[in-house]
Amino acid sequence: MKAKRELRIASRASQLARIQAALVGNAINQKFPNLNITYVPVTTTGDRSAEMGNLPPRNKDDFVREIEVLLLKDEVDVAVHSLKDVPSKTPNELSVQTVLQREDPRDVLVGRANVFCLDPSTKIGTSSPRRRALLNFRFNSNNVAYIRGNVDTRLRKLDSDEYDSILLAAAGLHRLNLRDRIDAYLDPSSFIPAPCQGTLAVQFRHDDEQVVSTIAPLQRARVEAAANCEREIVRTLNADCTSPIGIYCEDRSAEYVLHAIVLNSAGTETLELRINDHDPIRLASNMANSLIAMGVEELLHS
């Protein structure tokens, strides 16, 4: 009998990250049933910081650095990430590739059924500069409070009345089988999601031919095209996790529709564009150039 090959999959140690790693692992096992998969949970610097309380936003590097070190040392073979948490610049020895279909990219409101009926005094919890700015811009919500921790921690804080409502990503609640906690989905053409929200990615050593062939059946060309479009704009604008920026490349089969909004931190000044094209590379270039011509750099640093 042919011996099973081994594939070591790393992820962050949170429940959601483990579920996402298992989604990828299960999909791989369906294609390669003789592959022996082991999971390696990693508590990153960002995870430790997030659980310590109301700290300022961290760099995305803090959520992937320790995992990338394991890859570079050949102590794991693949890392599974939420692509929105992966920095636009990664080590040259490593590749990042989207896998599986994109989960629902929308933001959701938990604790209130209608975002349009929010009283300005309603205490809304979020750790995202984008969500904070958008809440003020779209709904004049001034009582936005900082919240940290994983999804379970945030839901406990809501249930204990520390917040009246919280904003989360639909994708995380779907994957955690917590759809029943969602009170309202926010329109992604108006409340524009974070770049690559809902998209899963794997990271691996680019010269590892076995891993390249193993993940190939999980790739989806149009998911990858939309993700590359969104990430290219982030790279061109030199934005980071503290930038109040929403980018959503919507796949409409015949074409892509690209939604983008950039705000100042208070949500009082914005640049917003929507363009469409069947070529996502051209779409990203046109969007980035248009935003630059409109003065996006000044807005991002205001």
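## A three-stranded sheet

Strands 11, 12 and 13 form an open sheet in that order, with antiparallel pairing. Strand 11 (245-251) and strand 13 (270-277) each have a single partner strand and stand at the edges, so one side of each has no neighbour in the sheet. Neighbouring strands are turned by 10° against each other on average, direction ignored. Strands here are DSSP runs of E of at least two residues, and helices are runs of H or I of at least four, numbered from the N terminus. Two strands pair if DSSP finds at least two bridges between them.

This is a predicted model: local features need pLDDT of at least 70, side-chain atom pairs count only at pLDDT 80 or more, and totals for chains, interfaces and linings use all residues. Residues are numbered from 1 along each chain as its sequence is written, and side-chain values use heavy atoms, with hydrogens and water left out.

## Strand 11 and the helices

Strand 11 is joined to strand 12 (residues 256-263) by 7 bridges, and the two run antiparallel. Asp-251 stands opposite Tyr-256 in strand 12.

Helix 8 (residues 221-237) packs on the sheet and touches strand 11 and strand 12; contact means heavy atoms within 4.5 Å. The direction of helix 8 makes about 155° with that of strand 11. Angles run from 0 to 180 degrees between N-to-C directions, with axes fitted to C-alpha atoms, for helices over the stretch in contact.

## Glu-230

Glu-230 is found in helix 8. Glu-230 counts as buried because its relative accessibility is 0%, where buried means under 20% relative accessible area (1.4 Å probe, protein chains only). Not counting residues up to four places away in sequence, Glu-230 touches residues including Ile-247, Tyr-248 and Cys-249.

Definitions and conventions
Buried < 20%, exposed > 50% of the residue type's maximum accessible area, 1.4 Å probe, protein only.
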